Amino acid sequence: MPQLIEKAYTPFQKPVVGHYLSSTATTTTPSKFNNIRGYNVVNGDISKLPLKVKTFIEESVVLCQPDRVHICDGSEIENEILIKSLLEAKTIIPLPKYENCYLARTNPADVARVESKTFICTELREQAVCTPRAGVQGALGNWISPKDYDDAIMKRFPGCMKGRTMYVVPFSMGPIGSPLSKVGIEITDSQYVVCSMRIMTRMGALVMDEIINKSADFVRCLHSVGTPESGKLAMESWPCDPDRVIILHKPDNNEIVSYGSAYGGNAILGKKCFALRIGSTIAQREGWLAEHMLILGVTCPNGTKKYIAAAFPSACGKTNLAMMTPTLPGYTLECVGDDIAWMKFDANGQLRAINPENGFFGVAPGTSAETNPNAMAACTKNTIFTNVAYTSDGGVFWEGLEDTIEPGVTITDWLGNPWELGVSKTPAAHPNSRFCAPAGNCPIIDEKWEDPEGVPISAILFGGRRPQGVPLIYEALNWQHGVFIGSAMRSESTAAAEHKAKVIMHDPMAMRPFFGYNFGNYLKHWLEMEEQCDKLGGVMPKIFHVNWFRKDKNGKFLWPGYGENSRVIDWVLKRIDGYHCYQETPIGLIPTPESLKLDNLKSQLNLKELFLIEREFWLKEADEIQTYFDNQVGADLPKKIQQQLNNLKDRVENMH
Ligand code: OXD
Ligand code: MN
């Protein structure tokens, strides 16, 4: 993206003269960079860096005024020093029950992604977000003007790293050197973020070499935990500025700026900010897809292997499905990724996916040896937990691990208070508490998970938490219908962001919080993928919608889920292979009763209720989708998607 190099880096061009800089240093004279007096680089050799990297560092130094600059090499020793320092600051505590694992406890005001303070900056509003109906609050992202973007930075960043070290973190999303990968540099004043980025991305000297040797362009990511205006931190061990949190993206400059939070997607900028928001804009420009999807590989008894991608909203079981232990005999499942997929056609029109991440940032509560033994195994070494509870024998605890507590062991909750099993009324772990574990730890990590070419995708699943009305699985009639199904996705809200009530929210493509550009244009891009595939002579992946969460009238789940989901995957595989094992319904194709392998299922199954498709429910659903499109997407909605909704309405109206 050559415009990156040539274009001025606007927000930092304001004449801010850093405390540690000579007054002659300016952001527009990078040649003087090496002569800046008092510029205290404690690790790394700035003189070896390309001009554009130096310029990024210099501009950030001028703006943030750190005491020191540390260019990260990603080495073991560097990590050890950072961990030691985090231990001294009491940001983390050791968990001696495991190997090199730690627990971080955050400021209780900094516990989740802050969607309401997350913005996309473009010249025109309609480039970033849809135009909602007059008087309706847009719910498909927030736009910020270039002026307000600059102002937001200038209100928060000048001097924000005084007294701190500025870390320069080169990282690759995707295997280093893969044609599908992209690189970034995150500048941050949080050691916790550096250690997390080392787990979640490929980070360090090899990536900097890539930038130097290939003149690779990089996504500029600037992050500061900030300091409240009062100058007083509420919690020394977890600096942040919750009242002024802001997460900014400028797709035209491939730039991310985040202030005030050190938590997850707000601060580990390779993840949601880069791999999804900026990633989706790069993908649109370059003709590929950056999606909120797990990737799994499944081998059936006859030895054939297929890869499937699946988009579920945050905290709806992507990690569990990605690492599932199939209950169906003869099937093995392997994990390529649990949260994000970058997918591109190869020369033959085969869609291929990489997992741009290097680790799992999984929701802890509910994860256990029963629900996800592979995730449990993945987080027994080199893992950073955040906001879980800990035990007196040096381990972790969260809701779902009740059976693991030995007699005499006591528990301390995520806030540091004593917590008693069966007595305490508050959760031991925060509902959005996480484990941050290297992907390579997962016992069933796929042999191709780092294949630079990616893995071939045969099917895409959409899904959400739908307690009512939505069957266990249905298949889209074709690509356009599948894109419509994705656009109409709805799910019960979870704790991954700041939403509190358990309401059914629209979450199109599981991307609602992560679109980097106008959702209507995003849908057009998805529709156009079919033409791209046709031209290359490929076959589009089949699209399905799954719902593990349907409940009966007593509120009990109708489907056991977890490893039993292999039965649903088996049907997907049959359909990929072209077996005629479906029945048509107004909403799509569902399995014929005999084609769903249900033998030896432990729990009683009410198959009829699980697959019931009710006219009244679907009429209401179609109305609801129409209202959502009218209110939120308006004129940006592609006609083909409206046509799919009209078709659905017709089919449902005519059902008896
Ligand atoms: C996540 C999320 O952290 O989706 O993966 O919130
Ligand atoms: Mn996610």
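The buried residues of helix 14 are Asn-565, Ser-566, Arg-567, Val-568, Ile-569, Asp-570, Trp-571, Val-572, Leu-573, Lys-574 and Arg-575; buried here means under 20% relative accessible area, with a 1.4 Å probe and protein chains only. That makes eleven of the twelve residues in this mostly covered helix. The model is predicted, so local features need pLDDT of at least 70 and side-chain atom pairs pLDDT 80 or more, while totals for chains, interfaces and linings use all residues. Residues are numbered from 1 along each chain as its sequence is written, chains are lettered from A and ligands numbered from 1 in the order written, and side-chain values use heavy atoms, without hydrogens and water.

Let's stay with helix 14 for a moment. It covers residues 565-576 and reaches 17 Å from its first C-alpha to its last, close to the 16 Å expected at 1.5 Å a residue; the expected span is 1.5 Å times one less than the number of residues. Helices are DSSP runs of H or I with at least four residues, and strands are runs of E with at least two, numbered from the N terminus. Just after helix 14, Gly-578 takes a positive phi of about 90 degrees.

Now to the ligands. Nine residues surround ligand 1, and the closest are Arg-113, Lys-272, Ser-314, Asp-339 and Arg-434. Three side chains place a polar atom by an oxygen atom of ligand 1, as listed here; a polar contact is a pair of N or O atoms within 3.5 Å.

| Residue | Distance to an oxygen atom of ligand 1 |
|---|---|
| Arg-113 | 2.9 Å |
| His-292 | 3.3 Å |
| Ser-314 | 2.4 Å |

Taken alone, ligand 1 exposes 210 Å², and the protein buries 94% of that; these areas come from the Shrake-Rupley method with a 1.4 Å probe.

His-292 also serves the manganese ion (ligand 2), whose protein donors are Lys-272 (NZ), His-292 (NE2) and Asp-339 (OD), at 2.1 to 2.2 Å. Donors are N, O and S atoms within 2.8 Å of the metal (3.2 Å for Na, K and Ca), and sites may look incomplete because water is not among the atoms. Lys-272 lies in helix 9 (residues 270-286) and Asp-339 in the loop between strand 16 (332-337) and strand 17 (341-345), so this pair, 67 residues apart, links distant parts of the chain. Along the chain, the donors follow the spacing K-x19-H-x46-D. Both Lys-272 and Asp-339 are buried.

Finally, Gln-191 is placed in helix 6 (residues 191-200). Gln-191 counts as buried because its relative accessibility is 18%. Its side chain joins that of Ser-85 in a polar contact of 2.8 Å.

Conventions
Near = heavy atom within 4 Å. Polar contact = N/O pair within 3.5 Å; in protein donor to acceptor, adjacent residues only side chain to side chain. Buried < 20%, exposed > 50% of the residue type's maximum accessible area, 1.4 Å probe, protein only.
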